[in-house]
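Below is a set of questions about why certain terms are applied to one model. Each answer sets a value against a cut-off.

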Amino acid sequence: MKIQILGTRGEIKPTAPYHAKHSGVLIDDYLMFDLGEKEFLSYKPKAIFITHLHPDHAFFVRDMRESIDSKIKIYAPERFKNIPMQVLTQQWSSGPYMVTPIPTEHSIKVKSQAYLIQKGDKRILYTGDMFCIIKKYQKKLKKLGKLDLVITEASFLREGGVIRRARLRDEELFGHAGIPNLIRFFKPYTKGILLMHFGSWFYQLGTRAARVKIQELARRYDVKIYVGYDGLILCL
Ligand SMILES: [Zn+2]
Ligand SMILES: [Zn+2]
């Protein structure tokens, strides 16, 4: 499987070379996951799977006037205004590829889901933003055996990330887990972790120092970690 990381910047203003574009991952020049920039459409993927309707994952949320060619197949956890797309709750397949949505917890305003991508004996999970995977689906993941790669977010370096409680909505939680939390959570499920969707900590530290911090965590938790950048290509 060829994994091309198109964009690694979270929903923040500052940019750095190689970390300037919002989320997007292209698999085998065929399937795309998240559409943080309109320019990603030029890759002409067979199908696009959106984790959630935040603008850094779905560029068209930023501007109501945006439109997308209705011939492009777009799947998401819920619909959005006049954008042609389908709600995906079941496994999807095309040729050798299988894509399974896995509900995640992230926001109280939008639904979110990770995607398990399978091709032959290769399996990767792309999470988008999250602080948790719903328990029932954790069991399902466990049954699969080790994944080849988990691609997840890196909004916060600090332990605990930022998870808040919505006072008006039954104390529901929302936010992002910290990188250490995500590493501990995913380590039992995977051979390696690729981090993308960097938050302001990454730009404030500077990309070189940020990479060192991430590799310190990789050593501490004894797990292989790839630091994503715009344009990174990995072959599994
Ligand atoms: Zn995001
Ligand atoms: Zn988000």
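The questions that follow deal with a helix, a metal site and some salt bridges.

This is a predicted model, in which local features need pLDDT of at least 70, side-chain atom pairs count only at pLDDT 80 or more, and totals for chains, interfaces and linings use all residues. Residues are numbered from 1 along each chain as its sequence is written, chains are lettered from A and ligands numbered from 1 in the order in which they are written, and side-chain values use heavy atoms, with hydrogens and water left out.

Q: Why is histidine 52 called buried?
A: Buried means under 20% relative accessible area, exposed over 50%, and partly exposed in between (1.4 Å probe, protein chains only). Histidine 52 has 0% relative accessibility, so it counts as buried.

Q: What makes histidine 54 partly exposed?
A: Its relative accessible area is 23%, and the class covers values between the two cut-offs.

Q: Which residues of helix α1 are buried, and how do you know that they share a side?
A: In α1 (residues 135-143), the buried residues are Tyr137, Gln138 and Leu141. They cover an arc of only 110° around the axis, which puts them on the same side of α1. The arc is that of the directions from the helix axis to the C-beta atoms. Helices (H or I, at least four residues) and strands (E, at least two) are DSSP runs, numbered from the N terminus.

Q: What lies on the other side of α1, and what do its buried residues pack against?
A: Lys135, Lys136, Lys139, Lys140, Lys142 and Lys143 are exposed on the other side. The buried residues pack against β8 (97-105), β10 (122-126), β11 (132-133) and α2 (179-186), where contact means heavy atoms within 4.5 Å.

Q: What makes His52, His54, His106 and Asp129 donor residues of the zinc ion (ligand 2)?
A: Donors are N, O and S atoms within 2.8 Å of the metal (3.2 Å for Na, K and Ca); water is not among the atoms, so sites may look incomplete. His52 (NE2), His54 (ND1), His106 (NE2) and Asp129 (OD) coordinate this ion at 2.2 to 2.3 Å. Aspartate 129 also bridges to the zinc ion (ligand 1), the two ions lying 3.5 Å apart.

Q: Why is the arrangement around the zinc ion (ligand 2) called irregular?
A: Four donors count as tetrahedral if all angles lie between 85 and 135 degrees; four count as square planar and six as octahedral if opposite donors are over 155 degrees apart and all others between 65 and 115; anything else is irregular. Here the four donor atoms subtend angles of 91 to 164°, which makes the arrangement irregular.

Q: Why is the contact of aspartate 29 and lysine 2 called a salt bridge?
A: A salt bridge is a side-chain nitrogen of Lys or Arg within 4 Å of a carboxyl oxygen of Asp or Glu. The N to O distance between aspartate 29 and lysine 2 is 3.1 Å. Aspartate 29 lies in the loop between β2 (24-27) and β3 (31-33) and lysine 2 in strand β1 (residues 2-7), so the pair ties together parts that are 27 residues apart in sequence.

Q: How do you know that lysine 122 and aspartate 148 form a salt bridge?
A: Their closest N and O atoms are 4.0 Å apart, and the cut-off is within 4 Å. Lysine 122 is in strand β10 and aspartate 148 in the loop between α1 and β12 (149-154), 26 residues apart. Salt bridges that share partners join Lys122, Asp148 and Lys191 into one network.
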